[in-house]
Amino acid sequence: MSDPMTPKQWLKTRQASVRRELMLAVGVGLFGGLLLIVQAHYLGRIVNAVVIERHALHSVLPWLGMLLVVFAARFVVAWAVEEIAARAAVKIKVGLRDELYGRVTALGPTRLAAERSGELANTLVDGVEAMDAYFARYLPQMSLAALIPLAILAFVFPEDWVSGLILIITAPLIPFAMFLIGKGTEALNQKQWRKLARMSAHFLDMLQGITTLKLFNASRHEAEVIARISDDYRKATMSVLRVAFLSSLALEFFATVSIALVAVLIGFRLMWGDMDFQNGFFVLLLAPEFYLPLRNMGTYYHSRMEAIG
């Protein structure tokens with residue numbers, strides 16, 4: 001007899017049905033990352049021409065036109081990524097709900113009598129909805145967090161190998177911090193989900209038996225039980241939020257320090273005359289964008305934890 005699948009293995013089996021949509025979302029998202037590099041290039045040229053070389057504004061109008069085109073293209077790309085990923089998530093949720101309803105129907109009322117209706121309803125509604133952010137945001141972002149920084153490095157290194165080296169050295173710190181903090185978040189999310197299921201089940205059972213509770217004058221006691229369960233769920237939620245805020249702080253700290261280091265070194269070399277302003281400004285514009293996909297993945301990592309929970 002084969003061992004039952006773990007939640008992580010089960011989630012991986014679901015990816016196969018939306019692989020095409022996820023690959024398309026990643027491809028469009030990568031194109032958006034390339035547009036970002038083009039945007040930084042034109043911004044660098046425009047600012048260098050107007051501020052440093054003192055060119056008239058009309059001389060950079062073609063570049064400004066190209067910049068507007070890039071802005072519009074990035075807007076369309078961002079919308080397309082959201083739309084494609086959302087369709088993948090909807091496909092997963094519809095299929096999962098069909099399977100769950102089919103399973104519930106196949107079991108019949110006799111087998112389901114032993115289950116708590118509130119817990120079942122919570123699984124069919126909130127449990128399935130927890131899949132949305134995992135498939136629509138986390139999975140595409142996991143690939144983009146590797147592809148977009150690599151694309152940015154390919155353009156940064158020819159312009160400034162020092163900044164490129166800083167980006168390479170500091171980039172692994174963000175996933176490492178996310179992994180360390182995420183190990184504790186997974187257990188907290190599963191604990192929170194169990195408490196939510198327990199609270200939902202108990203509350204629905206109490207509502208279904210409210211007449212009997214009133215007849216036996218036990219409604220006040222059940223209200224106190226509901227209050228105690230709700231307080232336990234509140235504490236579990238606050239524990240998850242504390243870890244989430246801690247992980248966000250760690251990600252922002254590493255990204256901010258790394259960007260500041262790149263900016264300081266570029267500033268010194270500009271002052272010493274070892275670097276052109278246009279090249280330095282171009283690299284400085286790309287430095288925050290290098291860390292942005294990694295920070296987004298850290299944010300969406302909690303969606304993965306929620307789906308596993």
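## Reading exposure

A residue counts as buried under 20% relative accessible area, as exposed over 50%, and as partly exposed in between. With that scale in hand, let us start with arginine 54: its relative accessibility is 71%, so it counts as exposed. The same scale will help with several other residues below, all of them taken from a predicted model.

## The chain as a whole

The protein chain has nine helices and zero strands. Read from the N terminus, its elements run α-α-α-α-α-α-α-α-α. Of its 309 residues, 39% count as buried.

The surface and the contacts add to this picture. About 17600 Å² of the protein chain is exposed, and carbon and sulfur atoms supply 66% of that area. If we take contacts between residues at least 6 apart in sequence, 85% of them join residues at least 24 apart.

## Arginine 54 and phenylalanine 75

Back to arginine 54, which sits in the loop between α2 (19–52) and α3 (61–112). What is notable about its phi? Arginine 54 has a positive phi of about 60°, although it is not a glycine. For background, most residues other than glycine have a negative phi.

In helix α3 we meet phenylalanine 75. Its relative accessible area is 62%, so phenylalanine 75 is exposed. The C-alpha atom of phenylalanine 75 lies 8.9 Å from that of glycine 32, and the two residues are 43 apart along the chain.

## Salt bridges between helices

Side chains of opposite charge can pair when their charged atoms come close. How many salt bridges does this model hold? The count comes to five.

One of them joins lysine 91 and glutamate 21, with an N to O distance of 3.6 Å. This pair links distant parts of the chain, since lysine 91 belongs to helix α3 and glutamate 21 to helix α2, 70 residues apart. Lysine 91 counts as partly exposed because its relative accessibility is 43%, whereas glutamate 21, at 14%, counts as buried. Leaving out residues up to four places away in sequence, glutamate 21 touches Ile84, Ala88 and Lys91. There is also a network of salt bridges here, linking Arg20, Glu21 and Lys91.

Another salt bridge is formed by glutamate 82 and arginine 137, whose closest N and O atoms are 3.1 Å apart. Here too distant parts of the chain are linked: glutamate 82 is in helix α3 and arginine 137 in helix α4, 55 residues apart. Glutamate 82 has 41% relative accessibility and so counts as partly exposed. Arginine 137, at 32%, counts as partly exposed.

## Aspartate 160, a buried loop residue

Aspartate 160 is located in the loop between α4 (117–159) and α5 (161–170). Is aspartate 160 buried or exposed? Its relative accessibility is 3%, so aspartate 160 counts as buried.

Which residue forms a salt bridge with aspartate 160? The partner is arginine 269, and the closest N and O atoms are 2.5 Å apart. This pair links distant parts of the chain, with aspartate 160 in the loop between α4 and α5 and arginine 269 in helix α8 (residues 219–272), 109 residues apart. Both aspartate 160 and arginine 269 are buried.

The surroundings of aspartate 160 fill in the rest. Its side chain reaches the backbone nitrogen of valine 162 at 3.3 Å. Neighbours within four places in sequence aside, aspartate 160 is in contact with Ile266, Arg269, Met275 and Val283.

## A nonpolar patch on the surface

Finally, have a look at the surface around α5. Phe157, Trp161, Leu165, Ile168 and Ile169 form a nonpolar patch there, and together they have about 510 Å² of accessible area. Which element gives the largest share of the patch? That is α5, which supplies four residues.

Isoleucine 169 is one of the patch residues and is found in helix α5. At 58% relative accessibility, isoleucine 169 lies over the 50% cut-off and therefore counts as exposed.

Key
Residues numbered from 1 in each chain as written. Predicted model: local features only at pLDDT ≥ 70, side-chain atom pairs only at ≥ 80, totals over all residues. Heavy atoms only, no water. Helix = DSSP H or I, 4+ residues; strand = E, 2+ residues; numbered from the N terminus. Buried < 20%, exposed > 50% of the residue type's maximum accessible area, 1.4 Å probe, protein only. Polar contact = N/O pair within 3.5 Å; in protein donor to acceptor, adjacent residues only side chain to side chain. Contact = heavy atoms within 4.5 Å. Areas by Shrake-Rupley, 256 points an atom, 1.4 Å probe, with all protein chains shown as cover. Salt bridge = Lys/Arg side-chain N within 4 Å of Asp/Glu carboxyl O. Patch = residues over 30% accessible without salt bridge, like charges linked within 9 Å, V, L, I, M, F, W, Y side chains within 5 Å.
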